[in-house]
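This briefing introduces a structure to a reader who has not met it before. Please look over the sequence and the model shown below, then follow the points by topic.

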Amino acid sequence: MMTERERSRQELIDFLRTIQRADYAQAVIDEESGLVESGLIDSLALLQIVTYLEQTYDVDFTERGIDPEDLRSVNSILDLIARESTS
Amino acid sequence: MNLIALRTAYRNISQFHENTRLIAWLSGQAWVIWLTPERRKSVLFCGAIIAGAVGVFSRNAKWRDYRALTPWLEHGLAFLILLGFLFALYRAAVGFKQLPTIVRHRPQICFHLIFWLLLALLWFFAASEGFVIAVLSVILLSFPYLIWRAGYMLLSGQRGKAQNSRFRDHLFYIWPIWDGTNTPPGKGHDYLSRTMAQTPDSYARTILGGLKLLFLVALWKIVLELIGVLIYGDPKSPLSALFHDYTFGLPRVKQILGRQLALPLVQVWFSLYLELVWETLSLAAKGHVWVGVIRLFGFNIFRNTYKPLLAQTVVEFWNRYYYYFKELMMESFFLPIYARYFRNSPMLRLVAAVFAAAFVGNMYYHLLQHKEQLVAGDWHRLWSLLGARLIYCALLAAGIAISMLRQQRERSRLPSAQAGSARSKLRSLRRIACVWTFFAVINFWNVVAPLTISERARLFFTLFGL
């Protein structure tokens, strides 16, 4: 049975596939490496991740602000989702 | 020697910072091993205290003023008050959750309001003069330098990352010993902690990365000297005696504007493009010094300028031209607006955030930069210095917004020509030329010149034969 984090990870990776750079050649997304640094997405796509998190997980950035560090990698985004769902 | 051997030799020299034998040798040196992260932080902390004190004493007065006792007292007290104020801000960052709701929601605005309230107080009582007013003036003259750096400390508190930090961890970037710009290269504690080399091996790599940048500084300075003497005919250049007879004598844009020179259009355009190259190289040289020195202390941070002249979009240029200024505008203006407003309208949300950063933030930053005029309340002078910049910032913001929207639209499209093909290279060149043209043209509004906006506008239209 899938855990909450695994389901979030799968959904997130599916979403990242929809916004990835057209010329990105890797078949597998490394969950630890930086999304922008690895060339998967451009820095602008981070804004689409913000919208995704707001709409899918009701993450509210109003008080805490957007920390680019939280959006650095798949794992850091999953950590953010986990933090927000427990708070 | 064939071409491949030459290329390999060039790569070995230019990428010396990645040479594993050199890294192994350096990481084995006693001083590299001795300078652990904690010791490096201590060195920086002591340096920051000394540099901060020297900064407060020297930036706002000449050394000959200190023959009397009063300036010592004024600047000494201002220094202690500033240090105390920074400590209070640090405590606020550490205990961010305990702050009143209004401060928690808008920490940066509250912080800047303190500055403006003090400024209003100074303007109100300016006529009375005296010891307190003099101390307040020194504090306010130092504020623009500290305000953005301390802003990063508050941001760290807002993001819940300041709890385990010490005051000294923040002080060395708030009162840095490596630069004099109001923009904090290396941002704040969060970014610096993440990039700090922890082992002798990674420290050695970072030192070599820093040395490479310092070598590049020397290279760009030589190129700038050559442009200065060969193209601009700069009489102050140390090379002018050597190349005196070979100069092209092209005027700088500020000379064209200042003297309203009537030159052939081709020369004016050439001057505009060259100004862009000149400013990019100058900024790269300055930024490489800041980042190079920071890297010598073991922080493997991004370059401030990274090949902006090869950027193919306006937003890419802005990202690469002055990275730490762009980051400051992003974190202080873009992201807060993006997080808070127009969430149901993606396009409006993006455009509002871009204008907040590239127009409002950019103008505000430059307003604070003219601290003497600001403290004196000399609005007339401020307008003459910044009026044309309003148009520059508006054009910049519009360009970035359009570029971002286009990039978003194009992201999912497959490249129409294969990378590396002649067609693709031609398209890249065309895009680079467009980016150069955009920035060369808007820079016309950024160059300081004693002109009114309407005089400048008249000259601007002549660029297009109007």
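Between chain A and chain B, 8 residue pairs are in polar contact, both residues being at pLDDT 80 or more; a polar contact is a pair of N or O atoms within 3.5 Å, where within protein one must be able to donate a hydrogen and the other to accept it, and residues adjacent in sequence count only if both atoms are side-chain atoms. This is a predicted model, in which local features need pLDDT of at least 70, side-chain atom pairs count only at pLDDT 80 or more, and totals for chains, interfaces and linings use all residues. Residues are numbered from 1 along each chain as its sequence is written, chains are lettered from A and ligands numbered from 1 in the order in which they are written, and side-chain values use heavy atoms, with hydrogens and water left out.

**The side of chain A that touches chain B**

- Helices α2 and α3 (61–64) of chain A each supply at least two residues of this side; helices are DSSP runs of H or I with at least four residues, numbered from the N terminus.
- The largest share, 6 residues, comes from α2(A).
- By class, this side has 10 nonpolar, 6 polar and 8 charged residues.

**Extent of the interface**

- Chain A and chain B each bring 24 residues to the contact, which is defined by heavy atoms within 4.5 Å.
- About 2,200 Å² is buried between the two chains, 48% of it from carbon and sulfur atoms; buried area is the accessible area (1.4 Å probe) that two parts lose on being put together, summed over both.

**Salt bridges**

- Across the interface of chain A and chain B there are 6 salt bridges, each a side-chain nitrogen of Lys or Arg within 4 Å of a carboxyl oxygen of Asp or Glu.
- Arg343(B) and Glu54(A) form a salt bridge, at 3.7 Å from N to O.
- Over all chains the count is 22.
- Within chain A, Asp70(A) pairs with Arg83(A) in a salt bridge, with the closest N and O atoms 3.1 Å apart.
- Asp70(A) lies in the loop between α3 and α4, and Arg83(A) in helix α4, 13 residues apart.

**Packing of α2 and α4 in chain A**

- Ile49(A), Leu53(A) and Tyr57(A) of α2(A) meet Ile77(A), Leu80(A) and Ile81(A) of α4(A).
- The residues of this contact are 6 nonpolar, no polar and no charged.

Technical notes:
Nonpolar A, V, L, I, M, F, W, Y, C, P; charged D, E, K, R; others polar.
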